[in-house]
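The following exercises are to be worked through with the sequence and the structure at hand. Each task is followed by a solution in steps.

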Amino acid sequence: MAGESASAAPARSEGLVTVRASINGRTQQLEVDPRATLLDTLREELDLTGTKKGCDRGQCGACTVHVDGRRVVSCLTLTATLDGKKVTTIEGLASDGELHPMQKAFVAHDGFQCGFCTPGQIMSAVACVEEGHADSDDDIREHMSGNICRCSAYPGIRAAITDARKEMR
Ligand code: FES
Ligand code: FES
């Protein structure tokens, strides 16, 4: 059976593309299938499982990360398009062992229940403030509307964003 398993091994170099990208501040060279999504590369190749897979079709926001400082849904982003780009995931948000103000605010305001949507909510929330789209409750509601929370932790999320906005400015 040894011969069988050797012949079944996938030919990993065939058809792969090379991508050099900064992932959470570390430049990495990746050999990826041109069809691979950033979400699958993060979770399955780089073991960065903080980014969650919800719908896998761009509808829930659970997989939100930043590319060059802008939020993207990583389930609809091809890794092959990221050569030379800077990717930040929830694992890269804290610095020097200190949680990001948005992470602290989510804890302080009970902005999560099951926690599954939380990494995507936090990444969107940080971008929302940085884009200047967090000046009122309505503003926050509108610009966080792509992130679904099935537990309805929305009041805590909104309070956390309002609070963290003051720290981030
Ligand atoms: S998993 Fe990407 S938007 Fe739902
Ligand atoms: S905290 Fe559970 S889905 Fe949002």
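The model used here is predicted.

**Exercise 1. The hairpin**

Task: Determine which residue of β4 is the bridge partner of valine 67, and describe the pairing of β3 with β4.

Solution.
Step 1. Valine 67 has arginine 70 in β4 as its bridge partner.
Step 2. A further bridge joins valine 65 to valine 72 in β4.
Step 3. Strand β3 covers residues 64-67, and it pairs with β4 in the antiparallel sense over 4 bridges.
Step 4. The hairpin of β3 and β4 has 2 residues between the strands, and in this hairpin aspartate 68 takes a positive phi near 50°.

**Exercise 2. The sheet**

Task: State the order of the strands in the sheet, and explain why one side of β2 and of β4 is left without a neighbour.

Solution.
Step 1. The open sheet consists of 5 strands, arranged in the order β2-β1-β5-β3-β4, and its pairing is mixed.
Step 2. The edges are occupied by β2 (26-32) and β4 (70-73); each has a single partner strand, so one side of each lacks a neighbour in the sheet.
Step 3. On average, neighbouring strands of this sheet are turned by 40° against each other, direction ignored.

**Exercise 3. Helices against the sheet**

Task: Identify the strands that helix α2 lies across and those that helix α4 touches.

Solution.
Step 1. Helix α2, residues 38-45, lies across β1 (17-23), β2, β3 and β5 (86-88), and runs at about 100° to β3.
Step 2. Helix α4, residues 118-130, packs on the sheet and touches β3, β4 and β5. The direction of α4 makes about 40° with that of β3.
Step 3. Within α2, the residues Leu38, Leu39, Thr41 and Leu42 are buried. The cover of the buried residues of α2 includes β1, β2, β3 and β5.
Step 4. Just after α2, aspartate 47 takes a positive phi of about 60°.

**Exercise 4. Two buried residues**

Task: Explain why serine 74 counts as buried and why alanine 105 counts as buried, and name the residues that serine 74 touches and those that alanine 105 touches.

Solution.
Step 1. A residue is called buried when its relative accessible area is under 20%.
Step 2. Serine 74 has a relative accessibility of 0% and therefore counts as buried. Its place is the loop between β4 and β5.
Step 3. Leaving aside residues up to four places away in sequence, serine 74 touches Thr37, Leu38, Leu39, Thr51, Cys63 and Val65. Among these contacts, Leu38 and Leu39 are also buried residues of α2.
Step 4. Alanine 105 belongs to helix α3, residues 101-108. Its relative accessibility is 5%, so alanine 105 counts as buried.
Step 5. With residues up to four places away in sequence again left out, alanine 105 touches Ala160, Asp163 and Ala164.
Step 6. Alanine 105 and serine 136 are 31 residues apart in sequence, and their C-alpha atoms are 17 Å apart in space.

**Exercise 5. Positive phi in two loops**

Task: Decide whether aspartate 96 is buried or exposed, and which class applies to serine 152.

Solution.
Step 1. Most residues other than glycine have a negative phi.
Step 2. Aspartate 96 is not a glycine, yet has a positive phi of about 50°. The loop between β5 and α3 contains aspartate 96.
Step 3. The limit for an exposed residue is over 50%. Aspartate 96 has 81% relative accessibility and so counts as exposed.
Step 4. Serine 152 is not a glycine either, and has a positive phi of about 60°. Serine 152 lies in the loop between α5 (137-143) and α6 (154-168).
Step 5. Serine 152 counts as partly exposed because its relative accessibility is 44%.

**Exercise 6. The chain as a whole**

Task: State how many helices and strands the chain has, and what share of its residues counts as buried.

Solution.
Step 1. The chain contains 6 helices and 5 strands. From the N terminus, these elements follow one another as α-β-β-α-β-β-β-α-α-α-α.
Step 2. Of the 169 residues, 40% count as buried.
Step 3. The C-alpha trace spans about 60 × 30 × 30 Å along its principal axes.
Step 4. About 9300 Å² of the chain is exposed, with 48% of this area supplied by carbon and sulfur atoms.
Step 5. There are 19 positive and 24 negative side chains, and the centres of the two sets lie 2 Å apart.

Conventions
Residues are numbered from 1 along each chain as its sequence is written. Chains are lettered from A and ligands numbered from 1 in the order in which they are written. This is a predicted model: local features need pLDDT of at least 70, side-chain atom pairs count only at pLDDT 80 or more; totals for chains, interfaces and linings use all residues. Side-chain values use heavy atoms; hydrogens and water are left out. Two strands pair if DSSP finds at least two bridges between them. Axes are lines fitted to C-alpha atoms, for helices over the stretch in contact, and angles run from 0 to 180 degrees between N-to-C directions. Contact means heavy atoms within 4.5 Å. Buried means under 20% relative accessible area, exposed over 50%, partly exposed in between (1.4 Å probe, protein chains only). Accessible areas come from the Shrake-Rupley method with a 1.4 Å probe; for residues, only the protein chains shown count as cover. Lys and Arg count as positive and Asp and Glu as negative; His and the chain ends are not counted. The place of a charge is taken as NZ of Lys, CZ of Arg, CG of Asp or CD of Glu.
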